[in-house]
Structure formats: C-alpha cells, structure tokens
Amino acid sequence: MLKILKTRINQGYKTFNFPKKSPVMADFFMGLPKIDSENCGSCTLCIEECPVSAIEKIDNELSIDMGKCIFCNKCADICPENSIVFTKEFSLSTKTREQLHVNNNETFIKEREFKAEKLGLFKKSFNLRVVSAGGCGACEADINVLNTLTFDLSRFGIHYVASPRHADGMMITGPVTKNMELAVKKVYQAIPSPKVVIAVGACAISGGLYADSNENYNGISDLIPVDLFIPGCPPNPYTILDGLLRLIGKIKS
C-alpha cells in the first residue's frame with residue numbers, strides 16, 4: 001500500500017490545465033484550414049481530389065465545408081500554389097451548420113462567437129447522453145477519453161449519463177443509420193426540456209464518408225434540431241472539450 005501511495009505522489013498532477021493553458025497539438029494534427037484564394041490558380045485539383053466533396057470554388061474564392069471535411073490533407077498536398085494549409089487551431093465548433101463553411105479564418109472566428117446566456121443554466125452541471133448512431137467508434141473513443149485523468153471532464157461539471165431522463169442533452173456520433181432513427185428520436189423525446197443536441201464528427205453533421213447512402217441520413221439535422229456542431233473525423237478530444245465549454249459559457253470567445 002505504501003509503495004502505491006509513493007508511486008502516486010511521484011506521478012504528480014496529471015490533468016492538463018485546459019482551458020487556462022493551450023495544448024500543443026501533435027505534428028500530424030490537422031486543424032482549422034487556412035485558405036489563400038488570391039494565390040489560387042485556375043486548376044480544380046483540390047476539388048477533384050476531395051473524397052467527400054467538401055471544397056467548392058465560387059467567384060474564384062475557395063470554400064471548405066468543415067461539416068463534410070475529414071481533414072485528410074489531400075487538398076493541401078495536391079495544391080501547387082499552397083493555397084490550402086491546415087493549421088494547428090483546434091477550436092472548431094460552431095452553433096450553426098452554415099458557420100462551418102470556411103473561406104476566411106478571421107471571418108470564421110468572428111462569426112462563430114458563442115453567446116452562452118441561453119445555456120447558462122448548464123454551467124454548473126451538464127449531463128449528456130451519448131448516442132452512437134452507426135459510428136465506426138473513432139468519435140466515440142475521443143468522447144470517452146475525456147473521462148481520463150488528462151482531461152478530467154467532471155471537473156467542469158460535465159458528465160455522461162446512462163438514461164436520457166437524467167440528461168440535459170445528447171451527443172450524437174455516426175451517420176445516423178435508418179435503423180437508429182427511432183432510437184435517436186426516442187432519446188431526444190425522453191430528455192426533459194430545455195435540452196441540447198450536439199453533433200460530433202463529420203458523419204453526424206453531414207453523413208461524412210457515408211453521405212447520400214440509402215442506409216443513413218446526411219447528418220442528424222434531418223431528424224432533430226442541433227445546438228452545437230463539432231467537426232472532425234474524428235474530432236480531437238480538445239476540439240470536443242473546447243466546444244462543450246464554449247457552449248455552456250466556461251470559455252469566453
């Protein structure tokens with residue numbers, strides 16, 4: 001027993017001091033895309049290469065739909081003018097689907113500012129029911145990792161609960177298969193009002209790689225209203241945590 005206590009003392013404090021301190025993202029992390037439309041040539045290589053049709057060009061201005069984007073970096077790799085670069089910015093969540101269309105970083109940061117007065121009642125206690133609606137498990141894994149010592153989600157008063165009756169909202173992952181439609185609607189109906197719906201990952205937002213399949217919907221928005229969109233494939237745990245804290249007003253924009 002003494003050896004265990006000594007080991008634990010030597011380990012020190014393991015929880016990262018977020019949001020007071022910004023994390024250093026891994027070299028392979030792909031965050032907010034930076035687009036230089038002025039430097040963009042006449043080619044359409046990035047549009048042709050994108051596996052989820054997340055890029056479009058309107059009036060010579062590139063736009064990336066982060067709700068579709070799987071952050072594979074293919075567009076940046078193939079661009080001969082380096083007009084697309086994925087930064088290390090992990091704060092990507094928005095309160096509307098339209099705000100996920102990025103053509104200018106400054107505009108994105110300004111337009112997606114959170115005003116959390118409406119959700120201030122969840123600031124001290126925010127309970128979420130997580131529903132995997134046909135996901136591959138990657139988004140679910142990054143949601144679950146928030147309960148580990150590194151993130152310690154409960155220190156913010158945020159908890160995952162087993163029953164929708166005990167929840168303030170629901171987190172949806174996966175492309176929302178037709179077989180999960182009834183389950184998703186029942187969970188939503190069982191959560192007492194006021195309630196919050198959070199779409200986590202490209203699949204839950206737009207269908208992701210499974211978009212336009214006959215077996216699923218193109219995101220949860222087709223079924224129920226969404227209050228927070230967290231893009232990624234999967235989103236980094238810090239992206240998820242950042243979005244949750246902004247939603248309930250614990251991070252001010």
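Which residues is Asp-168 in contact with, leaving aside its neighbours within four places in sequence? In this predicted model, the contacts of Asp-168 outside that window are Phe-122, Ser-125, Phe-126, Asn-127, Ile-191, Pro-194, Lys-195 and Val-196. Asp-168 itself lies in the loop that links strand E7 to strand E8, and although Asp-168 is buried, it has no salt bridge, since a salt bridge would require a side-chain nitrogen of Lys or Arg within 4 Å of its carboxyl oxygen, whereas the nearest side chain of opposite charge, that of Lys-250, is 11 Å away.

The strands on either side of this loop can be followed through their pairing with strand E6. E6, which spans residues 126–132, runs parallel to E7, residues 158–160, and the two are joined by three bridges, with Leu-128 standing opposite Tyr-160 of E7. Between E6 and E7 the chain passes through helix H5, residues 138–144, and the resulting β-α-β crossover is right-handed. E6 also pairs with E8, residues 169–173, again in the parallel sense and over five bridges; here Val-131 has Ile-172 of E8 as its bridge partner.

A further set of strands is found elsewhere in the sequence. Three strands, in the order E2-E3-E5, make up an open sheet whose pairing is antiparallel, and its edges are formed by E2 (55–58) and E5 (101–102), each of which pairs on one side only. Within this sheet, E2 is joined to E3, residues 61–65, by four bridges in the antiparallel sense, and Ile-55 stands opposite Ile-64 of E3.

Definitions and conventions: Residues are numbered from 1 along each chain as its sequence is written. This is a predicted model: local features need pLDDT of at least 70, side-chain atom pairs count only at pLDDT 80 or more; totals for chains, interfaces and linings use all residues. Side-chain values use heavy atoms; hydrogens and water are left out. Two strands pair if DSSP finds at least two bridges between them. A crossover is right-handed if, with the strands pointing away from the viewer, the path from the first strand over the helix to the second runs clockwise. Buried means under 20% relative accessible area, exposed over 50%, partly exposed in between (1.4 Å probe, protein chains only). Lys and Arg count as positive and Asp and Glu as negative; His and the chain ends are not counted. Contact means heavy atoms within 4.5 Å.
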